[in-house]
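Hello,

Here is the structure I promised to pass on. My notes on what turned up in it follow below.

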Amino acid sequence: MTTPTWDPAQYLRHADHRARPFTDLLARIPEPPGDAPLIADLGCGPGNMTALLAARWPTARITGYDNSAEMLDKAQADYAGPTSGGGRLDFAHADVRTWTPAQPYGLIVSNATLQWVPGHVERFADWIAGLAPGGTFAFQVPGNFDSPSHRLMRELAGSVGLAGTLRHDDAVLPPAGYLAALADLGCAVDAWETTYVHLLQGEDPVLDWVKGTGLRPVLTALADDPKARDAFLAAYRAALREAYPAGAHGTPFPFRRIFAVARKEG
């Protein structure tokens, strides 16, 4: 899988729809232990979701971690600094594949990131071990890798020799798989899935959506070949128009998400 180059502006073009799963996850997270809990956001992106953590727990010391310099620059410029309740919001470079808590955290959260980390379930033990007693590990990942948007993307990428750049439908587990893995680590687990039907506006909105996320590895791989990139986008655009026809009120875009909230015994 190609390591993508990220574009914060493109990612944020659908920020309202992308925020919905995180706010639903946030609603299920119990209070972290302590008056000024330590919180880590793994894969913070441009920081707009990390800022919601600061709004929920204004006394917390929160660090958003990401491996994209472009995303971290945006987050640092827009959100870093003291919070309203005397806490603090900071951002730092880290690779989720190797990040390990250096001190006990009241909450470790990850939003739409772990699907980029092959074997991410193997990291759970280190993260649970890094929680304070009564702390929580919570995440959501997309579960739409067998949907037309991603299936067509893989088929077209394979036709131009880029099959290895993309994730496949085994990139994430079903909710029951995450529940079992986290329960085996001694946690009380809440796991579920939700399919959102986003009503997107504008011309080719599904293509515009995936340009900010799932399509990034292909765009990165073709960055030095504009002719091949444009040919790929033209074919993909046509396929998406057929798979997701526009309706009278916009283009419906079903999107399945998988959630898990695991609380360590206090």
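Let me start with how axes are handled: an axis is a line fitted to C-alpha atoms, for helices over the stretch in contact, and angles run from 0 to 180 degrees between N-to-C directions. Contact means heavy atoms within 4.5 Å. Helices (H or I, at least four residues) and strands (E, at least two) are DSSP runs, numbered from the N terminus.

Please keep in mind that this is a predicted model, in which local features need pLDDT of at least 70 and side-chain atom pairs count only at pLDDT 80 or more, while totals for chains, interfaces and linings use all residues. Residues are numbered from 1 along each chain as its sequence is written, and side-chain values use heavy atoms, with hydrogens and water left out.

**The sheet**

Eight strands make up an open sheet with mixed pairing, in the order S3-S4-S2-S1-S5-S6-S8-S7. The edges are taken by S3 (81-82) and S7 (187-200), each of which has a single partner strand, so one side of each has no neighbour in the sheet. Pairing here requires DSSP to find at least two bridges between two strands.

Two of the pairs are worth a look on your screen. S1 (residues 38-42) and S2 (residues 61-66) are parallel and share five bridges; Ala40 is opposite Thr63 in S2, and Leu42 has Tyr65 in S2 as its bridge partner. S5 and S6 also run parallel, joined by six bridges, and there Asn111 is partnered with Gln140 in S6.

How many residues of S1 are buried? Five of its five are, taking buried as under 20% relative accessible area, exposed as over 50% and partly exposed as in between (1.4 Å probe, protein chains only). In a regular strand the side chains alternate between the two faces of the sheet. Both faces of S1 are covered, with Leu38, Ala40 and Leu42 buried on one side and Ile39 and Asp41 buried on the other. S2 is largely enclosed by the rest of the structure, because five of its six residues are buried.

**Helices against the sheet and each other**

H4 lies across S2, S3 and S4, and runs at about 165° to S4. H4 (69-79) also turns up in the surroundings of H3: the cover over the buried residues of H3 includes H2 (15-26), S1, S2, H4, S4 and S5. Those buried residues of H3 (residues 48-56) are Asn48, Met49, Thr50, Ala51, Leu53 and Ala54.

The axes of H2 and H3 come within 10 Å and cross at roughly 40°. The two helices are therefore oblique to each other (angles under 35 degrees count as roughly parallel, over 145 as roughly antiparallel, 65 to 115 as roughly perpendicular and the rest as oblique). The crossing of H2 and H3 is right-handed (the near helix is turned clockwise from the far one by less than a right angle; anticlockwise would be left-handed). On the H2 side the contact is made by Ala15, Ala19, Phe22, Thr23 and Leu26, which meet Asn48, Met49, Leu52, Leu53 and Arg56 in H3. These residues divide into seven nonpolar, two polar and one charged. For these classes, Ala, Val, Leu, Ile, Met, Phe, Trp, Tyr, Cys and Pro count as nonpolar, Asp, Glu, Lys and Arg as charged, and the others, Gly among them, as polar.

The axes of H6 (residues 148-159) and H10 (residues 226-243) also come within 10 Å, crossing at roughly 150°. That makes H6 roughly antiparallel to H10. Their crossing is right-handed. From H6, Pro148, Ser149, Leu152, Met153, Leu156 and Ala157 meet Phe232, Ala235, Tyr236, Ala239, Leu240 and Ala243 in H10. That contact has eleven nonpolar residues, one polar and no charged.

**A few loop residues**

- Arg97 sits in the loop between S4 (88-93) and S5 (105-111). Arg97 is exposed, at 51% relative accessible area. Leaving out residues up to four places away in sequence, Arg97 touches Val117 and Arg123.
- Ala112, in the loop between S5 and H5 (124-129), has a phi near 50°, a positive value in a residue other than glycine.
- Asp204, in the loop between S7 and H8 (205-211), likewise has a positive phi near 50°. Asp204 is buried, with a relative accessible area of 17%.

Happy browsing, and best wishes!
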